[in-house]
Amino acid sequence: MIIDELDASTEPRNPWRLCTLNQVEEVKLVLRLIPLWLSCLMFGVIQVQHNTFFTKQSSTTILSIGPHFQVPPASIQGLTGIVILITIPIYDRVFVPIARKYTGHPSGITVLQRIGTGLVLSILVMVVSALVEAKRLNIAKDYNLMDKPKAIVPMRVWWLLPQYLILGLAYAFATVGLQELFYHQMPEQMRSMGAAALYCVMGVGSFMSNWIISVVQLITSRNGDKWLGDNINRAHLDYFYWVLAVLGTLNFCVYMLVANFFVYKKVEREDKVKTELSIANNHGGEI
């Protein structure tokens, strides 16, 4: 550390003026993660749609299974969780060993590649959702249900399954990758903040989703035809999904640029050094 005359004459020394080299390196570790964190916020925007518009879509479709059972619209979200539970073990036990043979990487693919895969899948979710919603609107138009927002469109809810399933895959890749990234690349004393950073992606993504909806409503209302009106059959939810797909694609380009310049913290090397130091101390010897 560099100590000037003011610091040398001050007791105790001001921690805001003086810091160790280790503290400087820890700050640098945190700062280099911020661009990656920002480039993943769009994933949070897309992820939150399955709690809102996906449920509203499903509520207008045929939800019955057999003559006596009706599926609650919100319960279909559980399919996303089931996909996550199935995907993660398959990823660890099947995909990683196969990928390791070709890449030579201990994890099969890098953490950033895993997150990037999740971002691509999230874009695919919006594309599929837009196509399914366009089909639902066409069916509503064919049956003259455009002005009946509470009417059930003669379309099975299973048409919405692909977007839920792909979202589960995206979540398994991106969220687990983000959790691993923020845990291992954070300074050891701040790893709890790494877990918080992951949930902040989802939280800030929700706020961004509200902001995007407000902007879309403001722009489309100028023509007297709001894309996200109360009548979902007269709305243009499919157009909104396309907007999110485009924004997700632009965001992915930014992510690729940021990830290309990202330098991993040498976790394995640090752990090895600590292990060697521990062995040396236990035996009273030197490395």
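**Figure 1. Order of helices and strands along the chain.** Read along the sequence, the elements of this predicted model follow the pattern α-α-α-α-α-β-β-α-α-α-α-α-α, and the chain has 11 helices and 2 strands. Of its 287 residues, 41% count as buried. When contacts between residues at least 6 apart in sequence are considered, 76% of them join residues that are at least 24 apart.

**Figure 2. Helices α7 and α8.** Helix α7, which covers residues 111-142, packs with α8 at an angle of about 155 degrees, and the axes of the two helices are 8 Å apart. Angles over 145 degrees count as roughly antiparallel, and α7 and α8 are therefore roughly antiparallel to each other. The crossing of these two helices, α7 and α8, is left-handed.

**Figure 3. Helices α9 and α10.** Helix α9, made of residues 191-221, packs with α10 at an angle of about 125 degrees, with 12 Å between their axes. Because of this angle, α9 is oblique to α10. The contact is made by I212, I213 and V216 on the side of α9, and by F240, L244 and L247 on the side of α10. The crossing of α9 and α10 is right-handed.

**Figure 4. Surroundings of Q217.** The residue Q217 lies in helix α9. With a relative accessible area of 17%, Q217 is buried, because the cut-off for that term is under 20%. If neighbours within four places in sequence are left aside, Q217 is in contact with K226, W227, L228 and G229.

**Figure 5. An aromatic pair between α4 and α8.** A pair of aromatic rings is described by the distance of the centres and the angle of the planes. In this chain the count comes to 9 aromatic pairs. One of them is formed by F43 and Y171, whose ring centres are 6.5 Å apart and whose planes make an angle of 50 degrees, so that the pair is classed as tilted. This pair links distant parts of the chain, since F43 belongs to helix α4 (residues 41-47) and Y171 to helix α8 (residues 161-185), with their positions 128 residues apart in the numbering. The two partners are given different accessibility terms, because F43 has a relative accessible area of 1% and is buried, whereas Y171 has 25% and is partly exposed.

**Figure 6. An aromatic pair within α10.** The rings of F252 and Y255 form a stacked pair, with 6.4 Å from centre to centre and 25 degrees between the planes. Both residues are in helix α10 (residues 237-260), and because they are 3 residues apart there, about one helical turn separates F252 from Y255. At 1% relative accessibility, Y255 counts as buried.

**Figure 7. A cluster of rings and two charges over rings.** Ring pairs link F53, F54, Y164, F240 and Y241 into a cluster, and F240 is also one of the residues of α10 that make the contact with α9. Elsewhere in the model, charged side chains are placed over aromatic rings. The residue R114 lies over the face of Y91, at 3.8 Å from the ring centre. In the second case, the charged end of K135 sits over the ring of W159, and its distance from the centre of that ring is 4.6 Å.

Conventions
Residues are numbered from 1 along each chain as its sequence is written. This is a predicted model: local features need pLDDT of at least 70, side-chain atom pairs count only at pLDDT 80 or more; totals for chains, interfaces and linings use all residues. Side-chain values use heavy atoms; hydrogens and water are left out. Rings of Phe, Tyr and Trp (its six-membered ring) pair if their centres lie within 6.5 Å; planes under 30 degrees apart count as stacked, over 60 as edge-to-face and the rest as tilted. Helices (H or I, at least four residues) and strands (E, at least two) are DSSP runs, numbered from the N terminus. Buried means under 20% relative accessible area, exposed over 50%, partly exposed in between (1.4 Å probe, protein chains only). A charge sits over a ring if NZ of Lys or CZ of Arg is within 6 Å of the ring centre and within 35 degrees of the ring normal. Axes are lines fitted to C-alpha atoms, for helices over the stretch in contact, and angles run from 0 to 180 degrees between N-to-C directions. Angles under 35 degrees count as roughly parallel, over 145 as roughly antiparallel, 65 to 115 as roughly perpendicular and the rest as oblique. A crossing is left-handed if the near helix is turned anticlockwise from the far one by less than a right angle, and right-handed if clockwise. Contact means heavy atoms within 4.5 Å.
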